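I opened my notebook to look at one protein and its ligand. I wanted to begin with the ligand and then move on to the domains and the sheet.

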Amino acid sequence: MMQIAVIGAGYVGLTTAACLAEIGHEVSCAESNVQKLELLKRGALPFFEPHLEELVQRNRQAGRLSFTSTPEAIARSHAIFICVGTPPLENGEADLTAIEGVARTIAQQATGYRLVIEKSTVPVQTGRQLQRHLRLYRRAEFTYDVASNPEFLREGSAVEDFFHPDRIVIGVESPNAANAMREIYEPILEQQFACPVHASCEDRSVPPLVITDINSAELVKHASNSFLAMKISFINLIADLCEAAGADITKVAEGIGLDRRIGASFLRPGIGFGGFCFPKDLQAFVRIGERLGLDFSLLREVEKINLRRVDQFVEKVRRELWVLRGKKIGIWGLAFKPDTDDIRFAPSLAIIQRLLAEGADVSAYDPQAMTKAKEELPEIRYCQNPYEAVEGAEALLLLTEWEEFGHADLERVRRLMDRPLLVDGRNMLAREKVIAHGFQYIGIGQSAEVGAVALA
Ligand code: UDX
């Protein structure tokens, strides 16, 4: 058991804090936003993430997890995870203001030894900068090591990803730091815990541990996210080709993904990737490469393909409705992906903004993300269920593949709509089933002539 501070209680920090407590450490989780800190102290979470609430409650009650100010967390810890946000600056580079602030606070407040671990996604060589900063601001009695421990948590499955990681990556520059990191993750490496997500968890596979230098560990994260984003933009490009050539992207993606060297995951075409990781990590990685004198146009193309998805999708809708002004349009799904309430960089919001700009009348439903969406898009109607969102609508746009949309009563939906047009931005629904219920179905990467029904 180690005394650990986690600085930042966002999607990464709160998940990391609760999971580290769950595997037996004593964790102080610090949050600088006073409202959020009060919410956490009252046992409420500022966002939705499956299984996280019960993990936080259980470990708070067991006395292994507490919520404090940053100085308090630093004072009572041996290891400090920095999990603060690194949002994009105007020029696409990562904004390291929060990281720098935490580094300064640690140097000025900590006494004795600390292992300072960067978990936030940071540009390569940030660890070096962190070491310099700690040296610059430190007081005489403070000694430290710096480590990089990038996270690979996906929103919607973050707790599961913590307990069943594909790999644990650690960047260190001293045996002392390496040993301390092994000690922190020992319960995961030795599989000495009951996975809180699956009661009868059979998966006892020990995740590979990649121990390297700090720069390399930082690069693994940015390179992983950029590769996954590239895979998505690749399949979206092939989807456009399928539409132009008259082919079916679902079958093409299946045929590609069966190659073990490619793999089926992240080959789902749609309205593009969103979230607080891929868009900003891709931008930051391009800036890093260019700052180091490299031509990163490959990844610039990945970004351009992704940004085009929004206008291409709106064009599909406009092609069917001709004029959007005054048209009632129902939206299913606002979150950037299912099983989260996160709307950051969500293509759904960009699509809605374009519809509003052309005078459409938009009603939306999302199982989790409407509270956060209302802050960004107050001017649309938020509905209590998927059926209310399609009342009188001339088109239904599926933008987030929430499981419940797959069980919707399509007969009832068709009866509620003025026109049975369904535009599926995530190829979630089975074309044949939707057409059999009397809809005109338009998906992604499927030639338009298939499924068009004569409008009576
Ligand atoms: C991602 C990485 O997967 C994770 O390893 C990293 O730690 C954080 O960033 P996340 O952004 O939470 O996780 O979600 P992810 O499931 O990767 O999806 C990202 C976006 O890509 C979503 O908008 C999703 O809709 C989109 N996506 C994903 C596709 O469009 N097609 C796919 O096949 C997969």
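**Entry 1: the ligand**

How many residues surround the ligand, and which are the closest? I counted 18 around the ligand. The closest are Leu153, Glu155, Lys221, Arg268 and Gly274. I took a residue as near if one of its heavy atoms lies within 4 Å of the molecule.

A note on my source: this is a predicted model, where local features need pLDDT of at least 70, side-chain atom pairs count only at pLDDT 80 or more, and totals for chains, interfaces and linings use all residues. Residues are numbered from 1 along each chain as its sequence is written, and side-chain values use heavy atoms, with hydrogens and water left out.

**Entry 2: polar contacts**

I looked for pairs of N or O atoms within 3.5 Å. A polar side-chain atom of lysine 221 is 2.8 Å from an oxygen atom of the ligand. For glutamate 151, a side-chain N or O atom lies 3.2 Å from a ligand oxygen. Phenylalanine 152 uses a polar backbone atom, 3.4 Å from an oxygen of the ligand. I then checked the cover: the ligand alone exposes 660 Å², and the protein buries 96% of that. These areas come from the Shrake-Rupley method with a 1.4 Å probe.

**Entry 3: the shell**

I sorted the shell by class: nine residues are nonpolar, two polar and seven charged. Gly counts as polar here, while Asp, Glu, Lys and Arg count as charged; Ala, Val, Leu, Ile, Met, Phe, Trp, Tyr, Cys and Pro count as nonpolar. Helix H9 (residues 214–245) gives the most to the shell, with three residues. Helices are DSSP runs (H or I) of at least four residues, and strands (E) of at least two.

**Entry 4: two domains**

I found domain 1 (3–212) and domain 2 (257–451), with bounds from an automatic or database assignment. Each gives at least three residues to the shell. Their C-alpha centres are 33 Å apart.

**Entry 5: the sheet**

I traced an open sheet of six strands, ordered E11-E10-E9-E12-E13-E14, with parallel pairing. Pairing takes at least two DSSP bridges. Strands E11 (381–382) and E14 (440–442) are the edges.

Key: Polar contact = N/O pair within 3.5 Å; in protein donor to acceptor, adjacent residues only side chain to side chain.
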